[in-house]
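Trainee: I've got a protein open on my screen and I'd like to work through it with you. Can we take it piece by piece?

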Amino acid sequence: EGELFDITPYAGAYVRYFVRHPTTQLMPRKIKTAFSATDADVAITGIHDIGFLPRMRDGVKGVEIRVGGGTSIMPRVAPTLYDFVELDNGDYLKVTEACFRIFDRQDWLRVNRARARIKVLIDKIGIDEFRAQVEEELKGDWVSERDFDPQPKLFVHDEEANAPELLSHYAEPNGDLSEFERFRSDNVAPQRQAGFSTIHVKVTRGDLTPEQFRGLADIMRDRSGGYARTTVEQNFVLRWVRDEAVYEVWQRLKALDLGEAGPMKVTDVVSCPGTDSCKLGITSSMGLNRAVQQRVEEMDIHDPLTRKVHIKMSGCPNGCSQHHIANIGFYGASIKVGDKTIPAYIPHIGGTFVGGEVIYGTRLKSRLPSKRVPDAVERWLRYYEAERREGEEFNDFAERVGAESFTEQIKDLALPVEFTVENMDFFIDWSRDELYRVVRGEGECAV
Ligand code: SF4
């Protein structure tokens, strides 16, 4: 909805242009890129090193380019570098290459890996100075040595031609349909193309078993033209599902334990792998996710505004769960108690990424033992429900009452705990059965 044109072919050309490109081989560090289809910005360009949003000017296709976003220990929302850069003449590739060339020359950024990102440069010199440098760069000889024409590199894929045939018979809804109706209302949206729907598949903690993967592949082959898209919320979207097939697809998803309603809702808790597999992890964010999700499910929340609250937790400040942009976010930390350590979390309140606006949550002056985090979440949700004004969204409420009042709500939960036999559980992380220790390695990968 609201799409000016399909940005996908240009995203494909960008990949084909820059992968194995000489400039991108040894930059100070990675570049994370996002192309969004509309200003709803579901790819969240604001938190990326470089982001592209479709624009039209006098019938010419272009993009707004944003540069210098990122989360982690230095969260920044990417400012706009240019509000219109043409696509079909390859200017978007040219401008991007100029940005990368400037970034590549910043040897001072190579000194500290944790800060070797383009946002650090832009934070230092400002977007106006960076733009001036880009314009200077575009005068260089390298420009005439390149072929920026995106046409041969466009990723052109006629999905409609690939859409499943209309069959003469589909499973008919029958019996008690309340569960299906909930699913349809939360997970199914009509496509722009008449007769087709998209189905949002909620994948708990982003984890799929091999059986679920195979089952999903079968559904995709039969009912969504063989394709699916992943989402930044760790879910799947099946597109090109015939309206007539929605009930049957839901039944098949249910059989795989994937038919739950409510993606992007309060029970769709997102976490990074944390200490399950990440060597940088401090805490078991997956274990906490499980505990928080269970608590929120037990709260049996039906209130539509509370259901919209996003909860995310990361196993360290790097923020791979995107806790900075959650309404309620946490990152892993620890609390020293004598020679023992308690796994803990630092809360953030009031972040968002919904509707195209990126706001980083406010970090509370609090450090919660991880075993008390579900209690904190419940208190804040109850607090919001009890004290909010008519129709007031969670973040508006958080802004009105202030971060300190959220801290106040959990003051007792943040109190330190002594190491005793009764308190032993606080010294053991979620989904673990041994005393907690901080053990960090190099790199985010388990191997
Ligand atoms: S580096 Fe990322 S994935 Fe690893 S624990 Fe930290 S936030 Fe999670």
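Trainee: Which residue forms a salt bridge with Asp186?

Mentor: A salt bridge here is a side-chain nitrogen of Lys or Arg within 4 Å of a carboxyl oxygen of Asp or Glu. For Asp186, the closest N and O atoms of the pair are 2.8 Å apart. The partner is Arg307.

Trainee: How far should I trust the model, and how is it numbered?

Mentor: This is a predicted model, where local features need pLDDT of at least 70, side-chain atom pairs count only at pLDDT 80 or more, and totals for chains, interfaces and linings use all residues. Residues are numbered from 1 along each chain as its sequence is written, and side-chain values use heavy atoms, with hydrogens and water left out.

Trainee: How many salt bridges are there between domain 2 and domain 3?

Mentor: The bounds come from an automatic or database domain assignment, with domain 2 at 183-263 and domain 3 at 270-427. Their C-alpha centres lie 29 Å apart. The count between domain 2 and domain 3 is two salt bridges.

Trainee: What area is buried between domain 2 and domain 3?

Mentor: Buried area is the accessible area (1.4 Å probe) that two parts lose on being put together, summed over both. On the domain 2 side, Arg205, Glu233 and Gln234 lose the most, together 66% of what that side buries. Carbon and sulfur atoms give 37% of the total, which is about 840 Å².

Trainee: Which residue meets Arg66 in a salt bridge?

Mentor: Arg66 lies in strand β3, residues 60-67 (strands are DSSP runs of E, at least two residues, numbered from the N terminus). Its partner is in the loop between β1 (33-35) and β2 (50-57), so the pair ties together parts that are 25 residues apart in sequence. The N to O distance is 3.7 Å, and the partner is Asp41.

Trainee: How many salt bridges does the structure hold?

Mentor: Side chains of opposite charge can pair when their charged atoms come close. The pair of Arg66 and Asp41 is one example. The structure holds 39 salt bridges.

Methods: Helices (H or I, at least four residues) and strands (E, at least two) are DSSP runs, numbered from the N terminus.
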